[in-house]
Amino acid sequence: MAHAYTPGLKVRRRTRHRAKRLLPIAGNVRVKVGDRVEPRDVVAETFMPGDVLPINLANQLSAAPADVPGCMLKEQGDRIEVGDVLARTKGIFGMFKSEYAARVAGTIETISGVTGQVLVRGEPTPVRVLAYLAGEVVEIVEGQGCVVEAEVAYVQGIFGIGGEAYGPVRMACAAHDEELGPDLIQPNMRGAVIVGGARMTGDAVRRAIEVGAAAIVSGGMDDQDLRDILGYDLGVAVTGSERIGVSVIVTEGFGEIAMAQKTFDLFAAHEGDAASVNGTTQIRAGVMRPEVVIGLTEDERTAGDVDESHGVEGGLDVGRLVRIIRDPHFGLIGKVAALPSDLRTLASESKARVLEVEVDSRRLTVPRANVELIEE
């Protein structure tokens, strides 16, 4: 029988994890190698240039474009505040002068006698990168950021939305196969990482937003609920920029799916402990998983060996439970029905080894590289 080996999601009670923390543009790094940092510590910062606002002063002053530079009371490069008079006409015999007062704060970038326009660069936007982990800075990327390393408990999800969030772990469900509904989310879960069991309902996510939770994690979710929450169909190339008020992570797949017992037990063992969450998901041009990272206590860091393995590995045999991890069947879970040994021609006209997956009485043919084993 044909065999293949494919990684599953990482679920680690204790592992050494590194997080690369980089600015989008060059800036100042505020830490050095060997520094101890907490998740919310700022490790690097910079300023993104503000938006450019064009002002048609020729029109505002009822002047010819060529006359605008001579009317300016401010020069290129000057800092301006709201209400500052930027320009004033000479008027007629010193009377009937027109002037223009700034409506935004910023810096004058350009004064044009050809178009009669002045370009004002708005206030720069501060950008700060947090450490994300409670750990040690082990590498500096000059002008960009750093790498933070820590021993943590680590859980990867199959899908997520929303960016980074921080908070203590709070268990909402008593069992890994219990549905996470809105009635299980309490006001005292404000700022927490709420952990459910099986499917989380759309109302549960709305309730988490209402109480001010940092994140909500559960085994499954209905794709219609996701659309209703977002208000649109979400493309799965890259997520993470959504701002709905809470980060959402699904650990198993879409539908009525229970969280793996191992994953649920790990969360339960860390109830009350601080966690860092990143809902960013990417399934094209390199897979990026959403994740929950939980800091370990000193006793936990010194007990036992660090698990350096990278996911579940095993034989891909008929009857094994797998998850499809790429479009067009992303997130579906089923059992391997057949493992043809010959190469098949795909829609892209490339050839690859495939397998047949039985999902809800349907049999789907997918490339073997597009599935991962689910630990049972």
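These are my notebook entries on a predicted model of one protein.

**Entry 1: the whole chain**

I started with the overall counts. The protein has 376 residues, and 47% of them are buried. I found 6 helices and 28 strands in the secondary structure. For the surface, I got an accessible area of about 18300 Å², with 48% of that belonging to carbon and sulfur atoms. Then I looked at contacts between residues at least 6 apart in sequence: 67% of these join residues at least 24 apart.

**Entry 2: the cores**

Next I went inside. Nonpolar side chains in soluble globular proteins tend to be buried together. Which residues have the most contacts inside the largest nonpolar core? I noted Leu-180, Ile-185, Ile-216, Phe-267 and Val-292, in a core of 50 residues. Another core, of 19 residues, lies apart from that one, and Val-43, Val-129, Val-148 and Ala-150 are among its members.

I picked Phe-267 for a longer look. Setting aside neighbours within four places in sequence, I listed its contacts as Val-155, Val-169, Met-171, Val-195, Val-217, Met-259, Val-292 and Ile-294.

**Entry 3: Leu-266**

I moved on to Leu-266, which sits in helix α5, residues 261-269. Is Leu-266 buried or exposed? I put it down as buried, because its relative accessibility is 1% and the cut-off for buried is under 20%. Leaving out neighbours within four places in sequence, Leu-266 touches Val-11, Arg-12, Arg-13, Ala-153, Tyr-154, Val-155 and Ile-294. I also checked the spacing to Arg-13: the two residues are 253 apart in sequence, yet their C-alpha atoms are 6.6 Å apart in space.

**Entry 4: Cys-146**

Cys-146 was my next stop, in strand β13 (residues 145-156). I wrote it down as buried, since its relative accessible area is 0%. Its contacts, again without neighbours within four places in sequence, are Ala-19, Lys-20, Arg-21, Leu-22, Val-31, Val-43, Val-137, Glu-139, Ile-140 and Val-141. One of these partners, Leu-22, is 124 residues away along the chain, with 6.5 Å between the C-alpha atoms. Val-43, another partner of Cys-146, had already turned up in the core of 19 residues.

**Entry 5: the pocket**

I then looked for open space. The largest pocket holds about 520 Å³. How many residues line the largest pocket? I have 23 in my notes, and Arg-21, Gly-163, Glu-164, Asn-278 and Thr-280 lie nearest its centre. By class, the lining splits into 7 nonpolar, 9 polar and 7 charged residues. Strand β1 (residues 11-22) gives the largest share of the lining, with 4 residues. Arg-21, beside the pocket centre in my list, is also a contact of Cys-146.

**Entry 6: helix α3**

I wanted to see what packs around a helix, so I took α3, residues 202-211. Its buried residues are Gly-202, Ala-204, Val-205, Ala-208 and Val-211. Which elements cover them? I found β16 (193-195), β17 (199-200), β18 (215-221), α4 (223-230) and β19 (247-254) included in the cover. Just past the helix, Gly-212 has a positive phi of about 85°.

**Entry 7: positive phi outside glycine**

That made me look at backbone angles elsewhere. Most residues other than glycine have a negative phi. Tyr-132 has a positive phi, near 75°, and lies in the loop between β11 (125-130) and β12 (135-141). Asp-360 also has a positive phi, about 50°, without being a glycine. Asp-360 belongs to the loop between β26 (354-359) and β27 (362-367).

Which of the two is buried and which is exposed? I noted Tyr-132 as buried because its relative accessible area is 2%, and Asp-360 as exposed because its relative accessibility is 68%.

**Entry 8: Glu-179**

Last, I looked up Glu-179, in the loop between β15 (164-171) and β16. I called it partly exposed because its relative accessible area is 37%, between the cut-offs of 20% and 50%. Apart from neighbours within four places in sequence, Glu-179 is in contact with Cys-173, Leu-184, Ala-198, Arg-199, Thr-201 and Glu-256. The C-alpha atoms of Glu-179 and Ala-258 are 8.0 Å apart, and the two residues are separated by 79 residues along the chain.

Conventions:
Residues are numbered from 1 along each chain as its sequence is written. This is a predicted model: local features need pLDDT of at least 70, side-chain atom pairs count only at pLDDT 80 or more; totals for chains, interfaces and linings use all residues. Side-chain values use heavy atoms; hydrogens and water are left out. A nonpolar core is a set of buried Ala, Val, Leu, Ile, Met, Phe, Trp, Tyr and Cys residues joined through side-chain atoms within 4.5 Å. Buried means under 20% relative accessible area, exposed over 50%, partly exposed in between (1.4 Å probe, protein chains only). Contact means heavy atoms within 4.5 Å. On a 1 Å grid over the protein atoms alone, a cavity is a set of points where a 1.4 Å probe fits but cannot get out, and a pocket is an open set with protein on both sides within 12 Å along at least five of seven lines; lining residues have an atom within 4 Å of a point. Grid points are joined across faces, edges and corners, and a volume is the space filled by probe spheres set on the points. Helices (H or I, at least four residues) and strands (E, at least two) are DSSP runs, numbered from the N terminus. Ala, Val, Leu, Ile, Met, Phe, Trp, Tyr, Cys and Pro count as nonpolar, Asp, Glu, Lys and Arg as charged, and the others, Gly among them, as polar. Accessible areas come from the Shrake-Rupley method with a 1.4 Å probe; for residues, only the protein chains shown count as cover.
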